[in-house]
Amino acid sequence: LFVLPLALLPYALSYLVWTVSTYLALNFALSKFIATRWAFFGLLAFPGVLMNALTGQNGLLIAALFSLACYTLDKRPIVAGILIGLISIKPQFGVLWPVALLCGRHWSAFASATVSTVALAAIALFVFDVEFWVEFAKRFVNAQQNLDSGLMDWIKVPTVYGSGRLLGFGAAPSYALHAVVAAGAIILMGLAWINSAPIEIRASLLALATLIVLPRVLFYDFALLALPIALMTATGLKSGWRPYDRPLLLLAWLTPLIGLVLAIALKVHLTPIVLASLLFAAWQRSVPEIKATPGA
């Protein structure tokens, strides 16, 4: 439904419209949290944006919907729920939203997201007929089989599971390790939402936990990483910096690029370590009386 109108345009023009419009959507969403004149150029130079532009992927759109849903959640929960429902165009990126909404007791947004998701699926069924859903199911199963059987290029899968496979472990031990790390990420995220931490922290943890929990994430999906980077930067400017904040944020900003380069060169994924470190740093911000240096 999102890309159908683009089929009416010549390919090169549709690619340009798609890339520019989704970038502007993400820039607009992030500007709600951090309004500086440098944010536009910082996002433009973000390697996650470049990888989406090169592949024509939908990561910028998903990140924009994710960011706007977080921004509107406390202000206009019904609107937030509709935006969460739209994330179902790439359903794995909505996997932790129900957990966050339940932990945060956002009942209106939860109901709105449910209705929005079902309505979007129904509209797609009406427009495209049932064959498209059958094909979707087949491709979903095929992608999972490729992941489990080792047909993936593990260098392109910078997750805990992908790290295990890249190191030569089988599917079972790699899934076990992934499950342990994913459980830790969900617990920290859930605690922050239960305790009603500032939305900047809750949103950062939700985005980071989503990237950590999914066993199959490719480097172009890391456009979503722009959200926690922007929100933690805004938090640092507002509340002060801890000694490791800015180096860690710089490393995270570079991760979509250097993570791939290092994986090719060293046959080891460092990306999950960066994500876990940033998630823990964000969670610490949810603990009262953090120690930072105001104005540093």
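**Helix packing and nonpolar cores**

Immediately following helix 3, Gly-56 adopts a positive phi of about 65 degrees, as seen in the structure, which is a predicted model. Helix 3 itself spans residues 47-55, and its buried residues are Pro-47, Gly-48, Val-49, Met-51, Asn-52 and Ala-53. The cover over these buried residues of helix 3 includes helix 1 (11-31), helix 2 (39-44), helix 4 (59-73) and helix 13 (245-266).

Further along the chain, helix 10 (residues 171-194) packs with helix 11, their axes coming within 9 Å and crossing at roughly 165 degrees. Because angles over 145 degrees count as roughly antiparallel, helix 10 is roughly antiparallel to helix 11, and the crossing of the two is left-handed. On the side of helix 10, the contact involves His-178, Val-181, Ala-182, Ala-185, Ile-186, Leu-188, Met-189, Ala-192 and Trp-193, which meet Arg-202, Ala-203, Leu-205, Leu-206, Ala-209, Ile-212 and Val-213 of helix 11. Sorted by character, the residues in this contact of helix 10 with helix 11 comprise 14 nonpolar, one polar and one charged.

Helix 11 (residues 199-213) also packs with helix 12 (residues 226-239), and here the axes come within 9 Å and cross at roughly 155 degrees. Helix 11 and helix 12 are therefore roughly antiparallel as well, and their crossing is left-handed. Helix 11 contributes Glu-200, Ile-201, Ala-203, Ser-204, Ala-207 and Leu-208 to the contact, while helix 12 contributes Leu-227, Pro-228, Leu-231, Met-232 and Thr-235. The contact of helix 11 with helix 12 is made up of eight nonpolar residues, two polar ones and one charged one. Ala-203 of helix 11 thus appears in the contact with helix 10 and also in the contact with helix 12.

In soluble globular proteins, nonpolar side chains tend to be buried together. In the present model, the largest nonpolar core holds 75 residues, of which Phe-66, Trp-97, Leu-225 and Leu-227 touch the most other members. When residues up to four places away in sequence are not counted, Leu-227 touches Leu-30, Phe-33, Phe-66, Ser-67, Cys-70, Ala-203 and Ala-207. Among these partners, Ala-203 and Ala-207 also belong to the contact that helix 11 makes with helix 12. Apart from the largest core lies another, of 12 residues, which includes Met-51, Trp-154, Leu-218 and Ala-263. Met-51, one of the members of this other core, is also among the buried residues of helix 3.

Key: Residues numbered from 1 in each chain as written. Predicted model: local features only at pLDDT ≥ 70, side-chain atom pairs only at ≥ 80, totals over all residues. Heavy atoms only, no water. Axes fitted to C-alpha atoms, helices over the stretch in contact; angles between N-to-C directions. Helix = DSSP H or I, 4+ residues; strand = E, 2+ residues; numbered from the N terminus. Parallel < 35°, antiparallel > 145°, perpendicular 65-115°, else oblique. Left-handed = near helix turned anticlockwise from the far one by under 90°. Contact = heavy atoms within 4.5 Å. Nonpolar A, V, L, I, M, F, W, Y, C, P; charged D, E, K, R; others polar. Core = buried A, V, L, I, M, F, W, Y, C linked by side-chain atoms within 4.5 Å. Buried < 20%, exposed > 50% of the residue type's maximum accessible area, 1.4 Å probe, protein only.
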